[in-house]
Amino acid sequence: MTYKTAFISVKEYIENYRDAEKFIALCEKCNRYNLCWACPPFDFDPLSILLQHQNAYIIGIQVIIENNPKRKNSKDKIFANQLIHDIFVKTRASFDKRLLTLEKENFGSRAFFAGSCFNCSDGECARSLKLPCIQPDKVRYSLEAFGFDITKTASELLHFELQWGNEKELPEYLTLVGGLFTNQQGI
């Protein structure tokens, strides 16, 4: 695993890496849109949360799949999808913990996870039942849910090129991008 961190002012990150109209439109195509409290549409303006902070630490993790012995058996699409899912869930668990630790250590900061919310144990968010969030203190949004371009973020700030698998081959690595928005300098 390789971790990288990039520092950028929140204003610069918004100006150069956010295209809310484009990326929220992509969110609308996801099966979690309007069914998960960590996903759009929101009943608040994401900019109001972002602009409470001056600094953004964009944190990426790259997990190599190439060396995974199971990758050789990836010709089976179901097996390949399960392998990617398992790696993602395991990596997200440790990555989320790391981001929450940084958030706790830096008063007034806000962590942004790499993807949607995993807090509900059965995987079904209360929002899908038109109920309030049952764990609002644990909800963390993703950068993409707030309209950020993760491909451009990963490439330009972290120097990670995102890779996508296909039906015949798994990607060489999996990349997760999260962040910490804070008024602190140096995390």
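A residue counts as buried when its relative accessible area is under 20%, with a 1.4 Å probe and protein chains only.

**View 1. Thr 91 sits within helix H4 of this predicted model.** Helix H4 covers residues 77-105, and Thr 91 has its place there. Because its relative accessibility is 6%, and the cut-off for a buried residue is under 20%, Thr 91 counts as buried.

**View 2. The surroundings of Thr 91 include residues from elsewhere in the sequence.** When neighbours within four places in sequence are left aside, Thr 91 is in contact with Ile 61, Val 63 and Leu 176. Such pairings can be set beside the figure for the protein chain, where 82% of the contacts with a separation of 6 or more join residues that are 24 or more positions apart.

**View 3. Helices and strands make up the secondary structure of the protein chain.** There are five helices and four strands, and a reader who follows the sequence meets them in the pattern β-α-α-α-β-α-β-α-β.

**View 4. The overall dimensions of the protein chain agree with those of a compact globule in radius of gyration.** A compact globule of 187 residues would have a radius of gyration near 16 Å, and the protein chain, with 17 Å, agrees with this. Along the principal axes, its C-alpha atoms fill a box of roughly 45 × 40 × 30 Å.

**View 5. Surface and charge are considered for the protein chain.** About 10,800 Å² is exposed, with carbon and sulfur atoms supplying 52% of this area, while 44% of the 187 residues count as buried. The side chains include 23 positive and 23 negative ones, and the centres of these two sets lie 4 Å apart.

Definitions and conventions: Residues are numbered from 1 along each chain as its sequence is written. This is a predicted model: local features need pLDDT of at least 70, side-chain atom pairs count only at pLDDT 80 or more; totals for chains, interfaces and linings use all residues. Side-chain values use heavy atoms; hydrogens and water are left out. Helices (H or I, at least four residues) and strands (E, at least two) are DSSP runs, numbered from the N terminus. The radius of gyration is taken over C-alpha atoms; the globule rule is 2.2 Å times the number of residues to the power 0.38. Buried means under 20% relative accessible area, exposed over 50%, partly exposed in between (1.4 Å probe, protein chains only). Contact means heavy atoms within 4.5 Å. Accessible areas come from the Shrake-Rupley method with a 1.4 Å probe; for residues, only the protein chains shown count as cover. Lys and Arg count as positive and Asp and Glu as negative; His and the chain ends are not counted. The place of a charge is taken as NZ of Lys, CZ of Arg, CG of Asp or CD of Glu.
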